[in-house]
Amino acid sequence: MASKISVLGSTGSIGTQTLDVARMHGLEITALTANSNINLLEKQAREFHPKMVAVLDLGAAAQLKIALRDTDIEVFCGEEGICNAAVEPECDTVVNAIVGVAGLVPTLSAIKAGKNIALANKETLVAGGALVMKSVNSYGVKLYPVDSEHSAIFQCLQGCPKNSLKKIILTASGGAFFGKTKDELENVTVKEALSHPNWEMGAKITIDSATMMNKGLEVIEASWLFNCKDEDIDVIIHRESIIHSMIQLKDNAVIAQLGVPDMRIPIQYALTYPNRLASPTKELDLSEIGCMNFQKPDYETFRCLSICRKALRLGGLYPTVANAANEAAVEMFLREQIRFLDIAEIVGNAVDTFKDNTENFTLEDILNTDKNTRLKVKDKYGHNNY
Ligand code: NAD
Ligand code: MG
């Protein structure tokens, strides 16, 4: 069980919920980090007394240093500063709740420093799964999933003999636009895309849920965590978000993990594994839920899911490309520079036109591919304004 944790991205949705869990179980906080929200970071620092904090934005870091000068908390800045937090000497577990591929280098740094990882940052595995899994093995650390579906699978697998898994069944809420046709999606707004039916999350993952890119990223994430191929991973729409995912075993028995949609359950399990402790979340009352529904995903309308599956089958750097194009596209959609349906167009186009694939890639290749893909997308669409 984790006892001293560093929380990367502590001011975000997963980060603040991680601190709820830490508060409840008296976990010691060794480091906290944020992009630029120093007001909340300062508040967190004063409550949890970490050894250090880090802020990506240099100006914000300088302000925080002044604000915290009456404390002995060290303040670091930039990407290097975030990596310092990931390798804080006393910490045993790093919770990575950063959004986007920016989480990859800190994850690798933490692994190399021998830290266990509680991973919410799925983009780490999508863009760099091969490297991450290799480092996890060579440094002998544990990687615990925080993403609710992957935590569910991890929980279902407890006690199953090795090689008994036949397939993974990932559940998907379907996001804000489930059931809509392409025509109906033509003019949807940012505000509409940001209203998720069941989960309160950061903006990027909420848009990813609306496009179903999130489920595509999760298929790739699952392939690394549970060593399976595209064809071993089914996706099923389950609007109620009560079953968080399932596994089918060789004898066709299916095991599911259920609970109220509250990320503090998977966050806590990643930190307390294999123990089960009391939780601040609500109990599940199935009579209140009444019934649960399941449907096939619409791969034609929500193309991002198919594109991610294709990227996974192609392997190598294709998932890195799909992820980078999506990150750039979502940023532009949130700034109202492109339309909702352009996101899938951009991601599909990036994957279809990518030429420099290689199986034996380095971290530098991943970072370059990520950068070049974003530049290409921004060059083509960045000047738009709808
Ligand atoms: P969020 O936007 O609410 O928070 C992101 C955090 O990362 C913030 O603390 C922010 O300051 C920090 N950050 C942003 N950009 C950064 C950068 N470039 N470098 C360093 N720090 C940066 O996001 P979130 O919803 O908490 O999601 C975090 C991760 O967890 C994502 O990968 C997401 O897919 C995954 N996830 C989230 C949920 C959820 O319920 N929110 C569920 C499953 C998985
Ligand atoms: Mg998820």
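## Exercises on a predicted metal-binding model

Aspartate 147 and glutamate 218 are both buried (under 20% relative accessible area; exposed is over 50%, partly exposed in between; 1.4 Å probe, protein chains only). This is a predicted model, in which local features need pLDDT of at least 70 and side-chain atom pairs pLDDT 80 or more, while totals for chains, interfaces and linings use all residues. Residues are numbered from 1 along each chain as written, chains are lettered from A and ligands numbered from 1 in written order, and side-chain values use heavy atoms, without hydrogens and water.

**Exercise 1.** State which residues coordinate the magnesium ion (ligand 2) and how they are spaced in sequence.

*Solution.*
- Step 1: the donors are Asp147 (OD), Glu149 (OE) and Glu218 (OE), at 2.0 to 2.2 Å. Donors are N, O and S atoms within 2.8 Å of the metal (3.2 Å for Na, K and Ca); water is not among the atoms, so sites may look incomplete.
- Step 2: the spacing reads D-x1-E-x68-E.
- Step 3: aspartate 147 sits in the loop between β7 (143–145) and α7 (148–157), and glutamate 218 in helix α11 (residues 213–225), 71 residues apart.

**Exercise 2.** Determine why the protein counts as being as compact as a globular protein of its length.

*Solution.*
- Step 1: the protein has 17 helices and 11 strands (DSSP runs: H or I of at least four residues, E of at least two, numbered from the N terminus).
- Step 2: its radius of gyration is 20 Å, close to the 21 Å from the globule rule for 386 residues, so the protein is as compact as a globular one of that length. The radius is taken over C-alpha atoms, and the rule is 2.2 Å times the number of residues to the power 0.38.
- Step 3: buried residues make up 55% of the 386.
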